[in-house]
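Thanks for asking me to look over this model with you. My notes are below as numbered points, so keep the structure open while you read.

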Amino acid sequence: MADAHKLEIFRGLLKFKSNTQKIWGVLVFLTIVTAIEVALGITKPDALVGTSFLGMKLLNWIFIILTLVKAYYIAWDFMHLRDEKSSLRRAIVWTPIFLVLYLVFILLVEADYIYEVFRDGFVTWNF
């Protein structure tokens with residue numbers, strides 16, 4: 001682990017003079033991402049709601065991606081992942097990504113199976 005905390009974000013694109021400035025910079029970044037999420041959630045643009053990708057609305061994919069960006073950035077900066085060795089960073093970052101992709105795969109396969117059973121299957125709704 002490095003001795004001094006780095007006062008830069010976005011791979012050195014923004015450099016700050018103190019920890020206080022850096023905290024405000026990170027706050028502004030996270031606020032902007034959250035504001036985009038909230039604005040999309042309120043307006044729900046037809047182009048994003050009406051378009052599907054891998055069985056899910058494009059708007060939901062954007063929410064998931066923006067949430068992952070915020071979580072990754074928080075872990076990267078506030079949990080000091082960038083100061084760790086690359087092998088530890090990869091182990092921490094790639095494991096959840098693999099598990100999320102595996103979960104998405106399982107959910108899509110199971111949902112498709114359930115859809116096929118309800119559409120053509122042996123069991124019908126009897127309420």
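1. Let's start with Tyr 102, which sits in helix α4, a helix covering residues 86–120. Please keep in mind throughout that this is a predicted model. Is Tyr 102 buried, partly exposed or exposed? Its relative accessible area is 45%, so Tyr 102 is partly exposed, because the partly exposed class lies between the 20% and 50% cut-offs.

2. Tyr 102 also has company on the surface. Together with Phe 98, Leu 99, Phe 105, Ile 106 and Val 109, Tyr 102 forms a nonpolar patch. The accessible area of these residues adds up to about 600 Å². Try colouring them to see the patch for yourself.

3. Now step back to the overall layout. The protein chain contains four helices and four strands. Followed along the sequence, their order is β-β-α-α-β-β-α-α. Of the 127 residues in the protein chain, 17% are buried.

4. Next, the largest pocket, whose volume is about 640 Å³. Which residues lie nearest its centre? They are Ile 64, Leu 68, Pro 96, Ile 97 and Val 100, out of 22 residues in the lining. Helices α3 (58–77) and α4 each contribute at least two lining residues, and the largest share, nine residues, belongs to α4.

5. What kinds of residue line this largest pocket? The lining has 21 nonpolar residues and one polar residue, with no charged residue among them. I would describe this lining in your report right beside the helices that supply it, α3 and α4.

6. On to the charged pairs. Side chains of opposite charge can pair when their charged atoms come close. How many salt bridges are there in this model? The count is three, and the next points take them in turn.

7. One salt bridge joins Glu 37 and Lys 70, with their closest N and O atoms 3.0 Å apart. This pair connects distant parts of the chain: Glu 37 belongs to helix α1 (residues 19–43) and Lys 70 to helix α3, with their positions 33 residues apart in the numbering. Are these partners buried or exposed? Glu 37 has a relative accessible area of 13%, so Glu 37 is buried. Lys 70 has 16% relative accessibility, so Lys 70 counts as buried too. The reasoning rests on the cut-off, because buried means under 20%.

8. Another salt bridge is made by the side chains of Arg 119 and Glu 116, at 2.9 Å from N to O. Why are these two separated by about one helical turn? Because they are three residues apart in helix α4. Glu 116 is partly exposed, because its relative accessibility is 29%.

9. Arg 119 has a further partner: Asp 120 forms a salt bridge with Arg 119, and here the closest N and O atoms are 3.0 Å apart. Asp 120 counts as exposed, because its relative accessibility is 53% and the exposed class begins over 50%. Taken together, Glu 116, Arg 119 and Asp 120 are linked in a network of salt bridges.

10. Finally, a backbone detail to check. Lys 44 lies in the loop between α1 and α2 (46–49). Its phi is near 45°, a positive value in a residue other than glycine. As background, most residues other than glycine have a negative phi. I suggest giving Lys 44 a sentence of its own when you describe this loop.

Definitions and conventions: Residues numbered from 1 in each chain as written. Predicted model: local features only at pLDDT ≥ 70, side-chain atom pairs only at ≥ 80, totals over all residues. Heavy atoms only, no water. Patch = residues over 30% accessible without salt bridge, like charges linked within 9 Å, V, L, I, M, F, W, Y side chains within 5 Å. Areas by Shrake-Rupley, 256 points an atom, 1.4 Å probe, with all protein chains shown as cover. Salt bridge = Lys/Arg side-chain N within 4 Å of Asp/Glu carboxyl O. Buried < 20%, exposed > 50% of the residue type's maximum accessible area, 1.4 Å probe, protein only. 1 Å grid on protein atoms, 1.4 Å probe; cavity = no way out; pocket = protein on both sides within 12 Å on 5 of 7 lines; lining within 4 Å. Points joined across faces, edges and corners; volume = space filled by probe spheres on them. Nonpolar A, V, L, I, M, F, W, Y, C, P; charged D, E, K, R; others polar.
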